[in-house]
There are 2 protein chains.
Amino acid sequence: VKSGIIGIVGGMGPGAGIDLSSKIVSQTLAASDQEHLPQLLFSFPSLIGDRTRFVLGQDSENPGPRIAGVVLRLEQAGATVAGLACNSAHIPAIFGAIQDELNRHGARIRLLHMIDEVGRFIREHHPGISRVGVLGTTGTYVSGLYDMLEDHGLNVVNVSERTQASLHSAIYHPEWGIKSVGPNQRAVDVIIKAADTLRAKRAGLVVFGCTEFPLAYRDPAIGGLPVVDSSLVLARALVRHIDPAKLYPLGPGLD
Amino acid sequence: VKSGIIGIVGGMGPGAGIDLSSKIVSQTLAASDQEHLPQLLFSFPSLIGDRTRFVLGQDSENPGPRIAGVVLRLEQAGATVAGLACNSAHIPAIFGAIQDELNRHGARIRLLHMIDEVGRFIREHHPGISRVGVLGTTGTYVSGLYDMLEDHGLNVVNVSERTQASLHSAIYHPEWGIKSVGPNQRAVDVIIKAADTLRAKRAGLVVFGCTEFPLAYRDPAIGGLPVVDSSLVLARALVRHIDPAKLYPLGPGLD
C-alpha cells in the first residue's frame, strides 16, 4: 500500500482547482469511497494575483511567492506532492519564483510541472503525433511557455495574435469570459474557432493549455483532433505519483 | 470586507466533497478569480468508515471522532467555519461524537449542521410548503435524521422500506451505485421512481438528503416537485457565514 497525500493549489481560478480535484477522483480506480486517494484542495483566490496580468506587466507583483506560500501550507497540512491548477503559473518567471521560495523554506513536498507532464503524456498516448497545437492564456502565449514541449521532441503550433486576443476574451471578458460568468456557448465557439486555425496549420492534436477551457468545452475531440486537457494530464500524474496501481487506464484508440 | 475561510470535510464520498466545493463557487457573487471566497477541501476517504454501515451495526467504529479529526486539521490550516459533505454524518450518534471530540480539543471552528440549514432554507424559499419528502441513505432513513425538520414546522414524508432498499442500491451497488461507478442512468431512474412515491404521499418538495444524489440527478425539479439539494443549501450557508453580501441571489419562482 502506497501512502502520501495529494495537494492542489486551487483558486486560479476556483473552478479550475475543483476541476483538477474532480479529475483526480475520475482517474482513480476505486469501487468505494474508502479506496479513493487522499487529497487537499487549497483555494485562496484573493491572495494570488492574475498570472497573465503579471506577465504582461499590468501587475508588478510576481504571484509566485504567494503561490509558494499555499504550497507550503499544503505541506504543513500533510500533502506530499502538489500540483498547480493553472498553466500560467508555470511560466518560468513565476514558476522559478515559486521554486526559489520553496527552496528558501526547505520545502520537501514534490511539486509537479504541468507542462512537462503534458509532454510526457503526448509521447506516451499519442506517439504518432509530433505537431501539436496549443491554446492558452495570453501570458502563456507571449512567454512561449509551451515551447518546452520541444524538449519532448514535439513541434508546437500557436494561434495568430488576433485569435489569441479572442481566447483572452473567452477567459477574461467581464460579460462572457469563463472566469467571470462560468462556462458558456460564446466562449466555446471561440475555442472551437481557435482550434480550427491550429488544424489548418496541420496540428495533430490540440492542447488545452489553460485550465479554464475544459470547464467550458468537455468533449475529448475538437474539430476532429484529439484534445489533450492539461488538467486531466496533471490529475493523472498526481495519482500516479501516489499509487500507480490505482491509475485509471486510458482506453484504446487514444492515439 | 469580511474575512474567514471555509473548510469542507470531503471524502464521504470524494465526489460529494467536490460537489459542495463547486457549489460554494457557483453560489458566490464574483466577477473575477480574486473575488471568490477562500476554501479548503480535505478529503481523506480511507480514513473515514461508511456512516450507514456504522448506523446499521455493520461496522463497530463510530466514524465521528475521525471526522472530527479532519475538522481539527481544517481549523489548524486556517478554516473558521466548516461543513460536512455527507448527510449521514449528521446522524445524532455520529454528529454527537464529532461535537464531543471537537469540544475535548477546545476547537473554535464553527461547524454548521446541514439538516438544520435545510430546514431554514425550506422555510425561507418554500414558505408555502409544509409537507416535505426526503430521499437519503438507509442510515439517514433508519435513524430518522430528517425528523428534526419538524423543529422547523415541517411534516416529513419518507419512502417505503422497499423503495429505501432501492435507494441504498443506487448509492452503494458495486455495479451501478453512484459511489462505485459514478453518476449513471439506472441510479437516476431509481431516484425518480422514489420521488414519485413521495409525490403520491402529497409531499410538496423533495429533499435530496444524500449528497450522492445531486451528482447523478441535476435538474432543479423531479416529477414536477422542486428539489431541495442539501449540498446546495450547505454551500449557501457557508457562503453566508463568511460574507452574506456575496451570496448569489436565488431567482424568483422558487416558492
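Buried, as used in these legends, means a relative accessible area under 20%, and the views below are close-ups of a predicted model.

**View 1. Cysteine pairs of the two chains, shown without a disulfide.** Cys86(B) has a relative accessibility of 5% and therefore counts as buried. Its closest cysteine sulfur belongs to Cys210(B) at 7.0 Å, which is too far for a bond, given that a disulfide requires a pair of cysteine sulfur atoms within 2.5 Å. In chain A, Cys86(A) is likewise buried, with a relative accessible area of 5%, and the cysteine sulfur closest to that of Cys86(A) is the one in Cys210(A), 7.0 Å away and too far for a bond. By the distance rule, the count over all chains comes to zero disulfides.

**View 2. Packing of helix 3 against helix 4 within chain A.** Two packed helices are described by the angle between their axes and the distance between the axes. Here helix 3 (residues 64-76) and helix 4 (residues 92-104) of chain A pack at an angle of about 50°, and their axes lie 8 Å apart. The two helices of chain A are therefore oblique to each other, and helix 3 of chain A passes helix 4 of chain A in a right-handed crossing. On the side of helix 3 of chain A, the contact is made by Gly64(A), Pro65(A), Ile67(A), Ala68(A), Val71(A) and Leu72(A), which meet Ile94(A), Ala97(A), Ile98(A), Glu101(A) and Leu102(A) in helix 4 of chain A. Sorted by class, this contact of helix 3 with helix 4 of chain A has nine nonpolar residues, one polar residue and one charged residue.

**View 3. Helix 1 of chain A beside helix 1 of chain B.** In this view across the two chains, the axes of helix 1 (residues 14-26) of chain A and helix 1 (residues 14-26) of chain B come within 10 Å and cross at roughly 170°. Helix 1 of chain A and helix 1 of chain B are therefore roughly antiparallel to each other. From chain A, Pro14(A), Ile18(A), Ser21(A), Ser22(A) and Val25(A) meet Pro14(B), Ile18(B), Ser21(B), Ser22(B) and Val25(B) from chain B. By class, the contact between helix 1 of chain A and helix 1 of chain B has six nonpolar and four polar residues, with no charged residues.

**View 4. Cis peptide bonds in the loops before helix 1.** In chain A, Met12(A) and Gly13(A) are joined by a cis peptide bond, for which omega is about -10°. Gly13(A) lies in the loop between strand 1 (6-10) and helix 1 of chain A. In chain B, a cis peptide bond with omega of about -10° joins Met12(B) and Gly13(B), and Gly13(B) lies in the loop between strand 1 (6-10) and helix 1 of that chain.

**View 5. Arginines with positive phi in the loops between helix 9 and strand 7.** Although Arg202(A) is not a glycine, this residue has a positive phi of about 65°. Arg202(A) is found in the loop between helix 9 (185-200) and strand 7 (205-209) of chain A, and with a relative accessibility of 61% Arg202(A) counts as exposed. In chain B, phi of Arg202(B) is near 65°, a positive value in a residue other than glycine. Arg202(B) lies in the loop between helix 9 (185-200) and strand 7 (205-209) of chain B, and at 61% relative accessibility Arg202(B) counts as exposed.

Key:
Residues numbered from 1 in each chain as written. Chains lettered and ligands numbered in written order. Predicted model: local features only at pLDDT ≥ 70, side-chain atom pairs only at ≥ 80, totals over all residues. Heavy atoms only, no water. Buried < 20%, exposed > 50% of the residue type's maximum accessible area, 1.4 Å probe, protein only. Axes fitted to C-alpha atoms, helices over the stretch in contact; angles between N-to-C directions. Helix = DSSP H or I, 4+ residues; strand = E, 2+ residues; numbered from the N terminus. Parallel < 35°, antiparallel > 145°, perpendicular 65-115°, else oblique. Left-handed = near helix turned anticlockwise from the far one by under 90°. Contact = heavy atoms within 4.5 Å. Nonpolar A, V, L, I, M, F, W, Y, C, P; charged D, E, K, R; others polar.
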